[in-house]
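Visitor: I am new to this structure and would like a close look at one part of it, namely the pairing of side chains. Please take me through it slowly and explain the terms as they are needed.

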Amino acid sequence: MEENRNRKPLRFFGLGEILPYARAYRREIAGMVLLGLGSSLCDAIYPLFNRYALNRYVGEGRLETLPSFLSLYFLVLLAQVLANFISSYFICKVELFIGRDLKNASFNHLQTLSFSYFNTHNVGYIHARIMSDTDRIATMMSWRLMDFVWNLSYILFAMLVMLRIQPRLALRLLLLLPFAAAAIGFFQRRVLRMNRRVREMNAVLTGDFNEGITGAKTIRTMVLAEKISADFRKDTREMRRRSIHATHYAALFTATVTMMSSAALALVLWRGGEMTAVRLLEIGSLSVFLSYALGIMEPIQYIIEAFSTLLDVQVNIERFSALLHIESDVKDSPAVIERYGDSFRPKRENWEPLYGEVAFRDVSFRYPDGEEEVLRHFNLKVEKGSRIAIVGETGAGKSTLVNLVCRFFEPTAGAVLIDGRDARERSQLWLHSHIGYVLQTPHLFSGSIRDNLRYGREDATDEEIWEALRLVSAADVAERMGRGLDSEVGEGGDLLSTGEKQLLSFARAILADPAILVLDEATSSVDTVTERRIQEAARRLTEGRTSFLIAHRLSTIIDADRILAVRDGHIVEAGTHRELMEKRGYYYRLYTRQYEDARTEGEFGERQAAEI
Ligand SMILES: Nc1ncnc2c1ncn2[C@@H]1O[C@H](COP(=O)(O)OP(=O)(O)OP(=O)(O)O)[C@@H](O)[C@H]1O
Ligand SMILES: [Mg+2]
């Protein structure tokens, strides 16, 4: 991703970035590590019980200490079960809480990013990435850390015990460990690589699947089934090949671990057996060595695994910290935050009212990733409460103008003034709290109509909600859906038509009662009856507010106080509908052309209807 550019690789696997999040749970982590040590100590102690039992009860045939032996044995067993239980609790807690904190941090940071970030980044992708990155980091900080501590301490305990019992034999076994580690590491790296390749292929297949399903109509109508199916066969074949490959390596890996254990066992049996024969080693001690020889390879495997996870997770940590380091294009200055607060702690008591006078003073603007200037030395003054329509061909810069009013972007040069003061002198939240923005594609949230309208104003009563619905003549939408304000709108408002969504978002804006209103027109997707309703609703909605109407259908803006015809980032004409029509310039041409189009479309439609 581009946010990784120009960033130095993180030191110490990027753990420094994560440590602050772990610090909050240092008690739990300490508990989990200590209990883990305890549990692994218990595990390392069991062979000593065997040794005692073999030497004492089998070797010497004396049974008088048996009851205390058994009690001790069960005590250790109980202690271990308890330690495992409590440490699992800590591990889960650490995993959950660190994961949650990381997600919170990412989410809160995303909230501070500007419009342009979401313009250029796929939200679904960001979401998936945050979820998987933070999960993996949290698992690493809990389960993998625990694996590491547990297994390393087991090896150390075992080594210590063996060195005490019979140093020479212990050293022999110790010499074997680096070879074992190298062999295990070698195969493990390969297994991981193979698994990654399988996962990649799996992603491709999932993609194929998705396309096959979502594009089913296109595939049928364009007779692509043959080709799609051939592609799919090719991909599944590749998947099979990679999976078999991966399984081979996994099998080799398991075999290596077993072989290393056997080698250790053989070594102990051979040298230890000799020592036992010449009474250098008791039979009980030999059994201790045998247990450790068998048990020591698996911990090595886990330690190596923990290391490779750390290497892998580094990527997740890098991405996570890169996300947190992205700076918003639009930022409130420290002085502004000091006075007005930020998004999470707004200081509403210091907020001035907003009246709604908007001005562009010599504004030039280029999109952060754009090549050309969209606006050049643009000037405009809009009185409080006036209704401004912006017209122009596609790409003329209409949406850009209102994006600047809303401060979704900041001018490259010049300033946007709100009530006579540079917008940057006050906080984004202050401005956004006073702006209503109804998009070309209205967005509703899943939930009831009431929930959705209350996004406009949290404490709106049902009476006020109905009033708002009536004002935009959308009351019948709620009535028709059966359960009134409780009717569910579906995900993203799926259960409603575009026109209905538009009307509801108007009602939502009315409840919010903003001083400035922006309507980026919903285009052709509505029928003429709905269009007229929307037009009427828009008129009601804009009454008494500074409004910017972007209209593709010029018939909808005839009664605007001022119409701005924009072309290539410049206002080429400005005036009322009548003035501009009399001028017979750019607007006149736009208008008459559309009127002609509408007429021919209408006639065509009628003719078609007559033919049927
Ligand atoms: N996020 C962006 N990044 C870079 N360039 C952009 C971006 N958005 C718009 N542009 C460019 O800025 C110019 C003006 O676009 P704008 O969206 O303001 O046009 P518009 O008048 O609203 O068009 P439409 O009628 O199609 O909505 C276009 O040339 C467009 O390619
Ligand atoms: Mg636009």
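Guide: A residue is called buried when its relative accessible area is under 20%, exposed when that area is over 50%, and partly exposed in between. Please keep in mind that what you see is a predicted model. With those limits in hand we can place D147, which has a relative accessibility of 21% and therefore counts as partly exposed. Its partner is R144, and the side chains of these two residues meet in a salt bridge, with N and O 3.2 Å apart. R144 has a relative accessible area of 27%, so R144 is partly exposed as well. The two residues belong to helix α5, which covers residues 123-165, and because they are three residues apart there, about one helical turn separates D147 from R144.

Side chains of opposite charge can pair when their charged atoms come close. In the whole model the count comes to 37 salt bridges, and another of them joins R241 to E238, at 3.0 Å from N to O. This pair lies in helix α8 (residues 225-277), where R241 and E238 are three residues apart and therefore separated by about one helical turn. R241 is partly exposed, given its relative accessible area of 45%, and E238 is partly exposed too, at 21%.

A further salt bridge connects R421 with E425, whose closest N and O atoms are 2.9 Å apart. R421 counts as partly exposed at 31% relative accessibility, and E425, with a relative accessible area of 37%, is likewise partly exposed. This pair has company, since salt bridges with shared partners join R339, E352, R421, E425 and R426 into one network.

Charged side chains also meet rings: the charged end of R190 sits over the ring of F186, 3.9 Å from the ring centre, while R271 lies over the face of W270 at 4.7 Å from the centre of that ring.

Rings pair with one another as well, and a search of the whole structure finds 23 aromatic pairs. In one of them, F49 and F69 have ring centres 5.5 Å apart and planes at 75°, so this pair is edge-to-face. It links distant parts of the chain, with F49 in helix α2 (residues 26-60) and F69 in helix α3, 20 residues apart. F49 and F69 are buried, and ring pairs link them with Y46, Y52, Y57, Y73 and F74 into a cluster.

Conventions
Residues numbered from 1 in each chain as written. Chains lettered and ligands numbered in written order. Predicted model: local features only at pLDDT ≥ 70, side-chain atom pairs only at ≥ 80, totals over all residues. Heavy atoms only, no water. Phe/Tyr/Trp six-rings, centres within 6.5 Å; stacked < 30°, edge-to-face > 60°. Helix = DSSP H or I, 4+ residues; strand = E, 2+ residues; numbered from the N terminus. Buried < 20%, exposed > 50% of the residue type's maximum accessible area, 1.4 Å probe, protein only. Lys NZ or Arg CZ within 6 Å of the ring centre and 35° of its normal. Salt bridge = Lys/Arg side-chain N within 4 Å of Asp/Glu carboxyl O.
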